[in-house]
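Dear colleague,

I am handing over a structure for you to look through, and below it I have written out what was found in it. Please keep the structure open beside this message while you read.

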Amino acid sequence: FDEEYEEFTLDPPELKVDPAKVDPVDTRVLTDELDRRNIASDQVDVDELIDVGLSYMKINRFEEATGSFERAARFAEDGSVAAQEAWVNKGAAHAELEEWDEAIGSYREALRIDDDSEHAASAETNLAYALWNAGETESALRHAERAVEIDPRFAQAWYNRGFFLRERGLNDEAVNAFDNAIRLGMQTADVLQEKAEALEELGEDEQAEEVAARAEELQQEREQELLDQRDQ
């Protein structure tokens, strides 16, 4: 969630709360005002409302984020890209709270709107993760595979697919999935560690050690970056 928070601008001007003066940490005041005044959907900037939810996500206020995304989905035009984006983000916020049933429901709603759009791959791979945590492992793998079918260049989807395959003992396929994630730019310690464990299960000990060593290097580099940021 890298989007920057921008000031809210809503019509009509007779709102009792001045949106430009609402702190993003307390935007519940604004969304409650929208509810109270029953503002028409065409008078609300849904993208800005989604940005408020993303701002909450960045400061780990996930419960408030779910509220912002739910309102965004409600004010968005039915079946629109914005509505789908709001549902996907709402699912992500519920997932951070480990509210898996709510997350699953949000992702399914996003896919009901459009199961082949720019947000569908994210919805599918996130749905797979939520289903896995809810104990629905078979369904999880199906949705992970669907995510890479929709967008074969989605690195996170390949990583998730590899993770689920490895958990099921399908280590050959898992290594291929991790390699795809890496080729697509997801060169992180997590991906490399998962690949190293899959290689170890396959008896490829020498290669597993090399990959694990690289994973450790990346982890140390990341920790140093965080320390440097803290000291600035």
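If the neighbours within four places in sequence are left aside, Y107 is in contact with V88, G91, A92, A95, A123, N126, L127 and A130. Please bear in mind, here and below, that this is a predicted model. Y107 also appears in the largest nonpolar core, which has 66 residues, and there V46, I50, M57, F69 and Y107 are the members that touch the most other members. The helix that gives the most to this core is α6, residues 120-133, which contributes eight residues. As general background, nonpolar side chains in soluble globular proteins tend to be buried together.

Stepping back to the whole chain, the protein has eleven helices and zero strands, so that reading along the sequence gives the pattern α-α-α-α-α-α-α-α-α-α-α. Of its 232 residues, 47% count as buried. Among the contacts with a separation of 6 or more, 52% are accounted for by residues 24 or more positions apart.

One pair of helices may be worth following on your screen. Helix α8, residues 155-167, packs with helix α10, residues 189-201, at an angle of about 30°, and their axes are 11 Å apart. Because angles under 35 degrees count as roughly parallel, α8 is described as roughly parallel to α10. The crossing of α8 and α10 is left-handed. Which residues meet there? On the α8 side they are Y159, F163 and R166, and on the α10 side they are D190, V191, E194, E197 and A198. The residues of this contact divide into four nonpolar, no polar and four charged.

Finally, there are two glutamates to compare, and the question for each is whether it is buried, partly exposed or exposed. E217, which is found in helix α11, residues 205-231, has a relative accessibility of 39% and therefore counts as partly exposed. Although E217 and A189 are 28 residues apart along the chain, their C-alpha atoms are separated by 8.0 Å. E118, by contrast, lies in the loop between α5 (100-113) and α6, and its relative accessible area of 61% is why E118 is exposed. E118 and Q84 are 34 residues apart in sequence, while from C-alpha to C-alpha they are 9.6 Å apart in space.

With kind regards

Methods. Residues are numbered from 1 along each chain as its sequence is written. This is a predicted model: local features need pLDDT of at least 70, side-chain atom pairs count only at pLDDT 80 or more; totals for chains, interfaces and linings use all residues. Side-chain values use heavy atoms; hydrogens and water are left out. Axes are lines fitted to C-alpha atoms, for helices over the stretch in contact, and angles run from 0 to 180 degrees between N-to-C directions. Helices (H or I, at least four residues) and strands (E, at least two) are DSSP runs, numbered from the N terminus. Angles under 35 degrees count as roughly parallel, over 145 as roughly antiparallel, 65 to 115 as roughly perpendicular and the rest as oblique. A crossing is left-handed if the near helix is turned anticlockwise from the far one by less than a right angle, and right-handed if clockwise. Contact means heavy atoms within 4.5 Å. Ala, Val, Leu, Ile, Met, Phe, Trp, Tyr, Cys and Pro count as nonpolar, Asp, Glu, Lys and Arg as charged, and the others, Gly among them, as polar. A nonpolar core is a set of buried Ala, Val, Leu, Ile, Met, Phe, Trp, Tyr and Cys residues joined through side-chain atoms within 4.5 Å. Buried means under 20% relative accessible area, exposed over 50%, partly exposed in between (1.4 Å probe, protein chains only).
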